Amino acid sequence: MKTIALITDFGTVDGFVGSMKGVISAIAPQAQVIDISHESSPQHTHHAAFVLWSTYKYFPEQTVFVVVVDPGVGSERRIIMVEEIEGKKFLVPENGILEFILPELINPKAYHINNPEYWLSRVSSTFHGRDIFAPVAAHLVNGTRGEDLGVRIELSIPESPFRDINASTIEQEGRILHADRFGNLITNLRPRIERPDDLSHLSLEIGNRTIGAIKKTYADGEYGELIALAGSSGLIEVAVRNSSAQQMLGLRIGDPVIIRSS
Amino acid sequence: MKTIALITDFGTVDGFVGSMKGVISAIAPQAQVIDISHESSPQHTHHAAFVLWSTYKYFPEQTVFVVVVDPGVGSERRIIMVEEIEGKKFLVPENGILEFILPELINPKAYHINNPEYWLSRVSSTFHGRDIFAPVAAHLVNGTRGEDLGVRIELSIPESPFRDINASTIEQEGRILHADRFGNLITNLRPRIERPDDLSHLSLEIGNRTIGAIKKTYADGEYGELIALAGSSGLIEVAVRNSSAQQMLGLRIGDPVIIRSS
Amino acid sequence: MKTIALITDFGTVDGFVGSMKGVISAIAPQAQVIDISHESSPQHTHHAAFVLWSTYKYFPEQTVFVVVVDPGVGSERRIIMVEEIEGKKFLVPENGILEFILPELINPKAYHINNPEYWLSRVSSTFHGRDIFAPVAAHLVNGTRGEDLGVRIELSIPESPFRDINASTIEQEGRILHADRFGNLITNLRPRIERPDDLSHLSLEIGNRTIGAIKKTYADGEYGELIALAGSSGLIEVAVRNSSAQQMLGLRIGDPVIIRSS
């Protein structure tokens, strides 16, 4: 049983995702299709980039990840497939969606997916998810190789977006990477520590607030209290127990944070 | 592996769809169940009719489509199953949901699904999705025939809702069939052309606006510009790049459009 | 093919559920994962308790139900697994989620799930759904027994939340258990009758309204009329045809209702 994991901005009201699954089911009926999210912001590829990064490690080897957040559909942007040897495959429009995972992949190889033999026979100008991504993903699951689906291309690996902090950190700047549905604000500050206490000397500045010692879990905060903790994605996040830190602080993706010894 | 594809108005907050899948899983554990949409408007069967039409072609032969948008549940409305020979099957309440696909099906046969042997032993008055549709769909996947599930009925095929346009079109009236989650307005005007340029002589009147040459893709419009294009469903649609044509125009399903030589 | 059924409050915007499914897919690739709801209220376990109760009977024997509505994650609350012999299994935080089903289970056995051998190697403080629940569910599907996953514990069975009514009922007090997405208000009053007419002597008091004879289905009400009927979950519910009883009455979970001979 091979797995295809989907991230799109298609929502679930119309039949866009259903069409993609129909196409996959017709070509690779044995594939197991898993929805990661279909609620990525239509125009904001950083949401999809973060959700992909925070989930891909938990999927089996050989999983084919398909991300269709593609404001440039129909324009000259390329569709690419990046794979680890004997490992995970990522089929995406070339628009930055892989920026968080590329620095972590081991010996990634990339292909420009340009061989229409593996696409639907009629390709619309506006729905490549159904007409190109879905059939190519199904053929990947069936064992078709990157060499057959397109041509090898060079890949430039971006710098890692993460900033490490540890027991000896004095000051580190960072930024807000993501806000989840609970309103928790996830930063790009990545603890590299043995014990949770190793960060107890640090406080976090965010908006015009300063938050003291890093907590262990949401339940360590009082109701309504703004706390910082090492979250489930392995990054420092800011939360309010039973409420939304994003609403309380009024901040946005990209806004700066500073962690410093207090 | 056989496929059951679901369209309902049950939403995903309560367990309605989960119950249906539980029933299917108990009777046909090998079935692959695909969600097309559970956000059809509870009382508007035209949404489900459009979503079914725009997706069914992409599913494998033998797929069993189940549509439970059923404001008349518990009343005298019939449940019917329509099938193509050796082909797709459609299990629906008899309330117009098949209006867009019936004119396209080849030699459809129809059955009134009235044999309670294949239903759950207790049938509620309000949730036939779980008590009748789900078990009947599972039995269909298991190979039970229409003759066993009910009795053959005559089917009246409605007129096609689509209006063809092509390189020699001078004027054609149409209407808005559907608005998708992005606010794109999909019309019933269907291009029958070889090359996208074949429609460049036509302009579209919608609301009190006139939109010039048909574009190829969303990216051909300026940000905020109202454009018309041949959409992914094979119909003319009206869109605003990175915004909602539905909100900009304030129009509704059924409102008229006119395409004419300019 | 074994089934895992999921109820969480994670929503579908972020990748939380996707991560859980990735973990399951890696450990038990043959498992069939069914979403019941991911829209339980983050802090209100009674929604999940009701949704679980109203759906679990419809799933095949051996189904593993996983409920992650867990405001106490990271605190001292236990994770437990309750199973019927040769039957269904329930993996939940110990916070009341099983209150509606426990009185119905036959000879349930319970385990405190505390053996980290079957968890992910790194367990976060805030996302036990991914790090503990998902791998334990996958191992349950693979045949690992409760004795291996944790230690046997005693279970106190709560009183049934339901109040029976029948043809000879004169008066019975009850309360609102649940409001579904259509705004129907489901009570804890459970008809135990042979024929729908057996309740026609009863009227329901709710808010400051009195509703006469129990109806059979939504279509028996006039548009806009407040009606009471025996709903699909086997309980008396209050509905308004094509509208929301919850909005019309402005009532909440736990508010009292009285049924009495009129």
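A polar contact is a pair of N or O atoms within 3.5 Å; within protein, one must be able to donate a hydrogen and the other to accept it. By that rule, the interface of chain A and chain B in this predicted model holds 15 residue pairs in polar contact, both residues of each pair at pLDDT 80 or more.

**Figure 1. The A–B interface, seen from the side of chain A.** Chain A puts 30 residues into this contact, and chain B puts in 29 residues. The two chains bury about 2300 Å² between them. Carbon and sulfur atoms carry 54% of that area. Three residues of chain A stand out: A:Val13, A:Asp14 and A:Thr126 supply 22% of the area that chain A buries against chain B, more than any other three residues.

**Figure 2. Salt bridge and helix H1 at the A–B interface.** One salt bridge is counted between chain A and chain B. B:Arg181 pairs with A:Glu39, and their closest N and O atoms are 3.3 Å apart. Helix H1 of chain A, residues 16–27, gives the most to the side that touches chain B, with eight residues. By residue type, that side of chain A divides into 11 nonpolar, 14 polar and five charged.

**Figure 3. The A–C interface, seen from the side of chain A.** Here chain A contributes 29 residues and chain C contributes 30 residues. About 2300 Å² is buried between chain A and chain C, 55% of it on carbon and sulfur atoms. A:Tyr58, A:Arg181 and A:Ser232 supply 29% of the area that chain A buries against chain C. No other three residues supply more.

**Figure 4. Polar links and secondary structure at the A–C interface.** The rule finds one salt bridge between chain A and chain C. A:Arg181 forms this bridge with C:Glu39, with 3.3 Å between the closest N and O atoms. Polar contacts between these chains come to 15 residue pairs, both residues at pLDDT 80 or more. Strand E2 (32–37), helix H2 (45–56) and strand E9 (171–179) of chain A each supply at least two residues of the side that touches chain C. Strand E2 of chain A gives the largest share, five residues. That side of chain A divides into 12 nonpolar, 12 polar and five charged residues.

**Figure 5. The axis that relates chain A to chain B.** A turn of 120 degrees, with a shift of 0.0 Å along the axis, lays chain A on chain B with an RMSD of 0.0 Å. That is the relation of a three-fold axis. In chain A, the C-alpha nearest the axis belongs to A:Gln32, 5.3 Å from it. Only 7% of the interface residues of chain A are also interface residues in chain B, so the copies meet through different surfaces.

**Figure 6. Surroundings of A:Thr3.** A:Thr3 lies in strand E1 of chain A, residues 3–8. A:Thr3 is buried, with a relative accessible area of 4%. The side chains of A:Thr3 and A:Gln32 are joined by a polar contact of 3.3 Å. A second partner sits in another chain: a polar contact of 3.1 Å joins the side chains of A:Thr3 and C:Ser25. Leaving aside neighbours within four places in sequence, A:Thr3 is in contact with residues including A:Ile34, A:Phe59, A:Pro60, A:Gln62 and A:Val141. A:Thr63 and A:Val64 are also among the contacts of A:Thr3.

Terms used
Residues are numbered from 1 along each chain as its sequence is written. Chains are lettered from A and ligands numbered from 1 in the order in which they are written. This is a predicted model: local features need pLDDT of at least 70, side-chain atom pairs count only at pLDDT 80 or more; totals for chains, interfaces and linings use all residues. Side-chain values use heavy atoms; hydrogens and water are left out. Copies are superposed by least squares on the C-alpha atoms of residues with pLDDT of at least 70 in both. Contact means heavy atoms within 4.5 Å. Buried area is the accessible area (1.4 Å probe) that two parts lose on being put together, summed over both. A salt bridge is a side-chain nitrogen of Lys or Arg within 4 Å of a carboxyl oxygen of Asp or Glu. Helices (H or I, at least four residues) and strands (E, at least two) are DSSP runs, numbered from the N terminus. Ala, Val, Leu, Ile, Met, Phe, Trp, Tyr, Cys and Pro count as nonpolar, Asp, Glu, Lys and Arg as charged, and the others, Gly among them, as polar. Buried means under 20% relative accessible area, exposed over 50%, partly exposed in between (1.4 Å probe, protein chains only).
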